[in-house]
Structure formats: structure tokens, C-alpha cells
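Dear colleague,

I am handing over the structure that follows, and I would be glad if you could keep it open while you read the notes below it.

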Protein chains: 2
Amino acid sequence: MLVAAIQMNSQDDKEKNVRSAESLIDVAAQRGAKLAVLPEMFNFLGPGEQRPSEAEQIPGPTIERMMAKAIQHRMFIIAGSILETAPEPGKVYNTSVFINPEGNIIARYRKIHLFDVVVEGQPPYQESATVVPGDEIVISETDFGTVGLSVCYDMRFPELYCELVRRGAQIISIPAAFTLHTGLAHWEVLIRARAIENLSYVIAAAQVGSHPVNRECYGNSMIVDPWGTVLARAPNFESAVVSEIDLQYLNKVRTNLPSLTHRRDGIY
Amino acid sequence: MLVAAIQMNSQDDKEKNVRSAESLIDVAAQRGAKLAVLPEMFNFLGPGEQRPSEAEQIPGPTIERMMAKAIQHRMFIIAGSILETAPEPGKVYNTSVFINPEGNIIARYRKIHLFDVVVEGQPPYQESATVVPGDEIVISETDFGTVGLSVCYDMRFPELYCELVRRGAQIISIPAAFTLHTGLAHWEVLIRARAIENLSYVIAAAQVGSHPVNRECYGNSMIVDPWGTVLARAPNFESAVVSEIDLQYLNKVRTNLPSLTHRRDGIY
């Protein structure tokens, strides 16, 4: 089973972004991927104040085009995240959408942890100014394994991933728009730790390069195996990297190193 | 405030091990350390079947010598771990002992997660054959910050560290005897992840080299800051590495990146 992490340099031009996503999905499909993960906010990465007006229903125009791609290539697509219209006026969710090869939405996850952070040399991030947090942990069982959904900043919260694995996750999806500054110090370490401590595959699909306004993303999209090995890493531009997921190997690692059965849930 | 991670190559000769520990504590004190962390099973790292007979009361002969060192140098010592006599016949605890500069025991932590693991090219580890797991999470408040205690394999269980930090930990102690094979793949990643996701200092003091019987440890003792930077790393032999702990820096990192306040405890 081949999977792809798609790395993008999304801007504030939604049509252009969606066309880029479509053509990178085509590349992933040509290379044999049966699952492609797109990055966070792949269809719009622009100024914060434009976010509510760029939000969509799910399904809506962007997700319908991803459904068409899933059907065309008979593949699973995790539409990393898009802004989803929330009930509160002026508010949105940051939502990851999991589409199967029949073009059906099989899961949606609304980002639980919002990025309200001061990054050196940049204006403060305040995701919660426009985004409403989700409050549901989401896994999805498929014929190639059980997938746990998350988005970007979630990565800093190991308890989320412990719970995803408690619920059966074997493959973890982390679409992201990780900043350059924090990415240099934290991105690979946290992704590999999530893989190792959960004995799971991790597919981390990132934004890369400059985005409006004054935002710089780290890239380094990667696919990591349950031993923590980086199987694939994206170069520093838009690209689709492909690697193999092997649940027999995952089971072997979990048998030899049965830390998941050693958790002391009553104590923490 | 300077702290030391002491790296050892303990064998099955207890007197020799304790003397090594004493002289490495002397080195750490000469370099200005006010806290020294010793590795796991620093006073005896020999065949599993000898473990019950090498266990001690706490305090007992080994810990009394560490108390004397603490008084001599007016320093804190975390006596990484020793085997502590358990009530059940033939059974022991794997216990970390925290001693203050007055020579008093201010905390003891019994390892919660036991290493029952198959490591490539070695006979299976079955720590639970002789060791009884603890069931208590332990922090200790001192005048230089709040310390959270753990031991080696605990490192693979992020929920323990989340709870330590919930209880106030700023500095995390991880004495270890991490195997070479798993250390190459996992040691640094997991230590740095614990530091980053908990915005805490981590002092990881390891065994290094060959030990009876047929056991090889990874070394690479390190001190890591709350941003995940490796401040100090031990060379591949017995040594004491020293670095600075700065709670003002820790507070700055926790203010700019307030992920500890973004945890969604009701959801996991």
C-alpha cells in the first residue's frame, strides 16, 4: 500500500490552490499512491481577516473537486484541512476531510488545539480569533488500516495521539502549515516521537515557503514508520512524496516492543 | 543553577560502581553542579537472577553513601535508580531516590513501566520477572524548581510526563540504561519530544557500553532545554556533563508558546 504526503505552497488565490492540489494528486496517483494527504489550509492560506469569507460548507466547492479526484483515481484522499463555515457569524472550523475512492466523505475532524502563539520575528498568531475549536477525536477504519486524524498544532499534544491509538489508529494523518521558526526546532522531533511512542505510521503533509501575509512555512513533509524511521521527506518546494505502509511490519514492531500494552491508564 | 548528568558503565561489582558514582559526583561538584543525576541501576547492573540479592532498603548502604556525598558537596543528588527490596520474596522495585543538600531523602519514585521487550540480537528483556512496578507519580518541589521523577522505559509513555507537568514539574529527571539498539533509533527523539511538548528541562543520565550479561547501552546522556535544544551530551564513556538550568528562560518559552494552557483535558 503506497501513500503520499503532498506538500504545497498555498496562497490567497483559491482556484490556483485547488488546481495545484489536483495536479499533485495526479502525480501521487501516477506513482501508485492509494492514499494522498494534503496539507492544512491547502485551498486558502491568506490573511486572517479573509478567512471567514473563504470558508465553505462540507461538502462544498473545494471538497467536491477532491471527491471527483478520489473517484477518478480510485484513491483515498485526506483533504488536509479547509476552513469550514461555523454556525457563529464570522467564525470557521479548521477541518480535515477524509474521502474514500467512491467519493464519499468517511470522516471529518475539526482541529482541537488552536495556534495562539508568539513566534520570533512575526506578529502573534491568534488562530482562535476566527477559528472555533472542535471537540471530537476522530478515527476512521478502512480496508488498509485505521486512520487517526489531526491537524498541525495538535502535534504538540501527545495525549491526543495516545487516545487515537487507544481507539485503534495505526496510521496518523498530520496535515500542517508549521512555521519555519518552530519547524526548524520541533517538526521532525515531534513527528518521529508520535510515530515511536504510538508504534504507528505518520503521514505529515506540510505547507512550504512564503504565504501572505508575512508567513513562512517549514515544509519537510514526511512519512515516518512505527520505528521512527523517516521513509520519505519532501524537498523544499511543492511536491508529492510516496512511500509504503506495511501493517505486517507495524504488527511485528508492536509485538516486539509492546509498549501500547504497557500503558498504565489508571495512573496518569 | 548548574546541573549534571552522570553517565556510567556499571557492572556487577557494587562497591566499584558506588565508588565510580562518588568520584563522578565529585567531578560534577567541582564543575559547580548543584544537582547531579545518576543513571538507572547505577550501583548494580548485572545478571537478572542476582537482582533480588543485590536489592537494598532505602535508605541502605548505597543511599547512605549518596547522602554523605550530598552533604559533603551541599548539592542535590538524584540517585538514578537502585534495586529496592520489595515485600514479596524474590521481588524488587526499581527506585529513584532524590536527596537534598542536607542529606535527607525528599522523594522516591518507583518505576511505573517495566521493560518487557524483545530487542534484536539479544535475549528478551523481562523486567517484570523480578521488578514490581510502582503506581505513584512523583514530583518534588525544591528552591531551584519543581522536579518530576521517571526512569528509562517510562520515556515511551508521554502521558506520564503530561501529568508530571500538570502537577508542576519544570525539570524532568530520566535516569536510564537504554539499550544500544533502541537508543540509536529512539533515545534523542523521545527525550527532546518530552522537553518540547512539556516545555521543561530534561536531564537524562544513562548507562553506556557493555554490561553483564550480554547487554549494551547507548550512552548519550544529555541535558535538554524547554525549546528542545541539546545543551550537553556525554561522550561515549563514563563522564559528568554539566549545563545551566534557567527558569526565567523556561518561563519565557512557556509564555510565548503557551501550549500547556491549550491542553484539552476533558477530551482525551
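The notes below begin with how the chains are arranged and then go through single residues, a cavity and some backbone features.

Please bear in mind throughout that this is a predicted model. Chain B can be laid on chain A by a turn of 180° with a shift of 0.0 Å along the axis, and the RMSD of that superposition is 0.0 Å. The two copies are thus related as by a two-fold rotation axis. As for the surface through which they meet, 100% of the interface residues of chain B are also interface residues in chain A, so the copies use the same surface.

One residue to look at where the chains touch is B:Glu197, which is found in helix H5 of chain B, a helix that covers residues 180-198. With a relative accessible area of 1%, B:Glu197 is buried, because buried is taken to mean under 20%. Its contacts lie in both chains: leaving aside residues up to four places away in sequence, B:Glu197 touches A:Arg156, A:Pro158, A:Leu190 and A:Arg194 of chain A, and B:Pro158, B:Ser259, B:Leu260 and B:Arg263 of chain B. With one of these residues, A:Arg194, B:Glu197 shares a polar contact of 2.6 Å between the two side chains. B:Glu197 and B:Pro226 are 29 residues apart in sequence, and their C-alpha atoms are 8.4 Å apart in space.

Still in chain B, helix H4 takes in residues 158-166 and is mostly covered, since eight of its nine residues are buried. Those buried residues are B:Pro158, B:Glu159, B:Leu160, B:Tyr161, B:Cys162, B:Glu163, B:Leu164 and B:Val165. Just after H4 of chain B comes B:Gly168, which takes a positive phi of about 115°.

Turning to chain A, two residues have polar contacts that are worth following in the viewer. What does the side chain of A:Ser200 reach at 2.7 Å? The partner is the backbone oxygen of A:Asn198, and the side chain of A:Ser200 also makes a polar contact of 3.0 Å with the side chain of A:Arg254. A:Ser200 is found in the loop between helix H5 (180-198) and strand E9 (201-206) of chain A, and at 0% relative accessibility A:Ser200 counts as buried. Residues up to four places away in sequence are again left out when I say that A:Ser200 touches, among others, A:Val165, A:Ala169, A:Ile172, A:Val224, A:Pro226 and A:Leu250.

The second residue is A:Glu84, which lies in strand E3 of chain A, a strand that runs over residues 76-85. A:Glu84 is buried as well, with a relative accessible area of 4%, and the side chain of A:Glu84 makes a polar contact of 2.8 Å with the side chain of A:Arg110. Beyond residues up to four places away in sequence, A:Glu84 touches A:Ala55, A:Glu56, A:Ile58, A:Val92, A:Tyr93, A:Thr95, A:Arg108 and A:Arg110.

As for empty space, the structure holds one cavity of 30 Å³ or more, and about 50 Å³ of space lies in the largest cavity. The lining of the largest cavity is formed by A:Phe115, A:Cys152, A:Arg156, A:Ala177, A:Phe178, A:Thr179, A:Thr182 and A:Arg215, and these residues divide into four nonpolar, two polar and two charged.

Finally, there are some backbone features to check. Most residues other than glycine have a negative phi, and most peptide bonds are trans. Against that background, the peptide bond from A:Pro212 to A:Val213 is cis, with omega near -5°, and A:Val213 lies in the loop between strand E10 (208-211) and strand E11 (215-218) of chain A. In chain B, the peptide bond from B:Ile58 to B:Pro59 is cis, with omega near 0°, and B:Pro59 lies in the loop between helix H2 (51-54) and helix H3 (61-73). B:Arg74, which is not a glycine, has a positive phi near 50° and is found in the loop between H3 and strand E3 (76-85) of chain B. B:Asn220 is not a glycine either, yet has a positive phi of about 60°; B:Asn220 lies in the loop between strand E11 (215-218) and strand E12 (222-224) of chain B and is buried, with a relative accessible area of 16%.

With best regards

Conventions: Residues numbered from 1 in each chain as written. Chains lettered and ligands numbered in written order. Predicted model: local features only at pLDDT ≥ 70, side-chain atom pairs only at ≥ 80, totals over all residues. Heavy atoms only, no water. Helix = DSSP H or I, 4+ residues; strand = E, 2+ residues; numbered from the N terminus. Buried < 20%, exposed > 50% of the residue type's maximum accessible area, 1.4 Å probe, protein only. Polar contact = N/O pair within 3.5 Å; in protein donor to acceptor, adjacent residues only side chain to side chain. Contact = heavy atoms within 4.5 Å. 1 Å grid on protein atoms, 1.4 Å probe; cavity = no way out; pocket = protein on both sides within 12 Å on 5 of 7 lines; lining within 4 Å. Points joined across faces, edges and corners; volume = space filled by probe spheres on them. Nonpolar A, V, L, I, M, F, W, Y, C, P; charged D, E, K, R; others polar. Least-squares fit on C-alpha atoms with pLDDT ≥ 70 in both.
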